[in-house]
Amino acid sequence: MVDLKGQYEQIKEQVNTSILNVIESTAFINGPEVHAFQAELEAYLAVKHVIPCANGTDALQIAMMGLGLKPGDEVITADFTFAATVEVIALLQLTPVLVDVDPVNFNIDIEAIKNAITPRTKAIVPVHLFGLAANMDAIMELAAEHNLYVIEDNAQGIGATYTSKNGVKTKTGAIGHVGSTSFFPSKNLGCYGDGGAIFTNDDDLAHTIRGIVNHGMYKRYHHDVVGVNSRLDSIQATVLRAKLPHLDTYNSKRKEAARKYSKAFSENKNIITPTGVCNSGNTICDTCDCHVFHQYTLVVKNTDRDGLVQHLQAHDIPCGVYYPIPLHAQKAYKDARYNEADFTVTNQLVQECISLPMHTELDDEQIAFITGKVLEFVG
Ligand SMILES: *Cc1c(COP(=O)(O)O)cnc(C)c1O
C-alpha cells in the first residue's frame with residue numbers, strides 16, 4: 001500500500017546524518033530539533049501554534065481536553081472514519097454523536113450535522129477523510145450559529161489547501177478552532193515511529209494545551225490541571241524536518257498517481273472514482289488542491305467487492321478496505337439512539353469501497369498493472 005523504503009532512499013543521507021546528530025547531542029526529548037520542526041510546520045501551515053505530541057490519537061484527545069469539554073457534552077463526528085476519532089470522545093466521557101457522510105466526497109454530511117445538533121452539542125469533529133477537505137465553510141457557519149467548537153481531524157489531510165467561498169485559501173487543520181494530525185509512518189507526512197501535533201491560532205488555547213501535554217504543568221512541578229504525557233521525540237522531529245520540505249512534492253506525486261488511476265477507470269460505469277467535490281458542488285478538487293490523496297478509494301457497483309480484494313491480492317497487489325464496518329455498528333460504540341435509516345450512505349460505502357496502493361513512488365508500469373487487474377475483475 002505504501003513504499004516507505006523508496007521514499008527513504010531519496011533522503012537517506014540527510015536523515016541518517018540528522019538522526020546521528022540527535023544521538024550525539026543526547027537531546028532526545030524536547031530538544032532543538034523538536035522546536036525547529038514546530039516552527040517550520042507553523043510556517044508551512046500558516047498557523048500560529050503547533051504543539052507536537054506523541055501521536056494523532058493523543059492530539060485529538062488533548063485538543064478536546066484543551067477546549068474544556070465536560071462529560072455529557074455531545075460531540076458530532078462522522079460514522080465513516082478511523083475509530084480514533086470516536087474513541088477519544090468516548091474516553092473523555094463525552095457523548096459521541098455519529099452521523100452519516102456525503103455520498104460524493106465521503107466526508108461528514110452537513111444536513112446530518114444539522115439534524116444532530118441539540119442544546120448539549122459542544123463540538124463538531126470533521127475528518128478530512130482520505131485527504132479530501134471536508135466542507136469547512138458550511139461547518140464553520142453551523143458552528144458559529146450554534147456556538148460550537150470545530151476540531152479538525154487532519155490526520156489524513158496534511159498539506160491540503162481549502163478554498164473558502166470568499167476565495168481565502170487555508171491549509172486544512174488551521175481552519176477550525178483547533179486541528180490535529182498524525183505522523184504515523186504511512187501518513188502523508190510520516191515519521192519513523194509515532195508522532196502527532198495539535199494546531200491552533202488561539203493563543204490562550206495553545207497555552208492551555210502546552211501545559212496539558214506536559215502533565216498539566218505551566219510552572220515546573222506545579223500541576224494546575226490534569227494533563228497527560230505526550231511528546232514528539234527529537235529523532236522523529238529530525239525525520240519530519242527532513243521530509244517537510246518535500247511534502248508538497250509528495251502530495252503532487254500522489255495527486256498525479258490518482259489522476260492516472262482515474263483516467264484508466266473513466267470508461268467503466270461500475271467504478272466510481274474519487275473525483276471528489278469538497279464543497280458540495282462549488283469546487284472540483286483538481287483545481288483547488290483540496291485533496292492530497294492519503295488514500296485512493298474507489299466505489300465499485302455491481303461487483304463482489306471482497307472478491308475484488310482477493311483477486312488483487314492473488315496478483316500481489318496490496319489493497320485495503322477503509323473502513324469495513326461503520327463506527328455506529330462497532331461493539332464499543334453501539335448506542336440505542338442510533339437508527340439504521342440515518343446511516344444509508346456509510347452502510348453502503350462499507351460494502352463497496354476499496355483503496356488501491358497510494359504513495360509517492362508509484363510508476364506508470366505499476367499503475368497500468370493495478371488498473372488492468374481491477375478492470376479485469378470489475379468488467
Ligand atoms: C491515523 C489516524 C488517526 C490516529 O493517528 P495515530 O497517530 O495513529 O494515533 C486519527 N484519525 C484519523 C482519521 C487517522 O487516519
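The residues around the ligand, meaning those with a heavy atom within 4 Å of it, are Asn55, Gly56, Thr57, Thr81, Phe82, Ala84, Val127, Asp153, Ala155, Gln156, Ser182 and Lys187. By class, this shell holds four nonpolar, six polar and two charged residues, where Ala, Val, Leu, Ile, Met, Phe, Trp, Tyr, Cys and Pro count as nonpolar, Asp, Glu, Lys and Arg as charged, and the others, Gly among them, as polar. The model is predicted, and local features need pLDDT of at least 70, side-chain atom pairs count only at pLDDT 80 or more, and totals for chains, interfaces and linings use all residues. Residues are numbered from 1 along each chain as its sequence is written, and side-chain values use heavy atoms, with hydrogens and water left out.

Among the polar contacts of the ligand (pairs of N or O atoms within 3.5 Å), one places a ligand oxygen 2.8 Å from a polar backbone atom of Gly56. On the side-chain side, an N or O atom of Ser182 is 2.6 Å from an oxygen of the ligand, and an N or O atom in the side chain of Lys187 is 2.8 Å from a ligand oxygen. Taken alone, the ligand exposes 380 Å², of which the protein buries 91%, with areas from the Shrake-Rupley method and a 1.4 Å probe.

Elsewhere, an open sheet of three strands follows the order S12-S13-S14 with antiparallel pairing; strands (E, at least two residues) and helices (H or I, at least four residues) are DSSP runs numbered from the N terminus, and two strands pair if DSSP finds at least two bridges between them. Strand S12 (271-272) and strand S14 (353-356) are the edge strands, each pairing on one side only. Strand S13 (residues 296-300) runs antiparallel to S14 and is joined to it by four bridges, and Tyr296 has Leu356 in S14 as its bridge partner.

Two loops carry backbone features of their own. Tyr323, in the loop between helix H11 (305-314) and helix H12 (344-352), is joined to Tyr322 by a cis peptide bond with omega of about 10°. Ala46, in the loop between helix H2 (32-45) and strand S1 (49-53), has a positive phi of about 55° although it is not a glycine.

Key. Polar contact = N/O pair within 3.5 Å; in protein donor to acceptor, adjacent residues only side chain to side chain.
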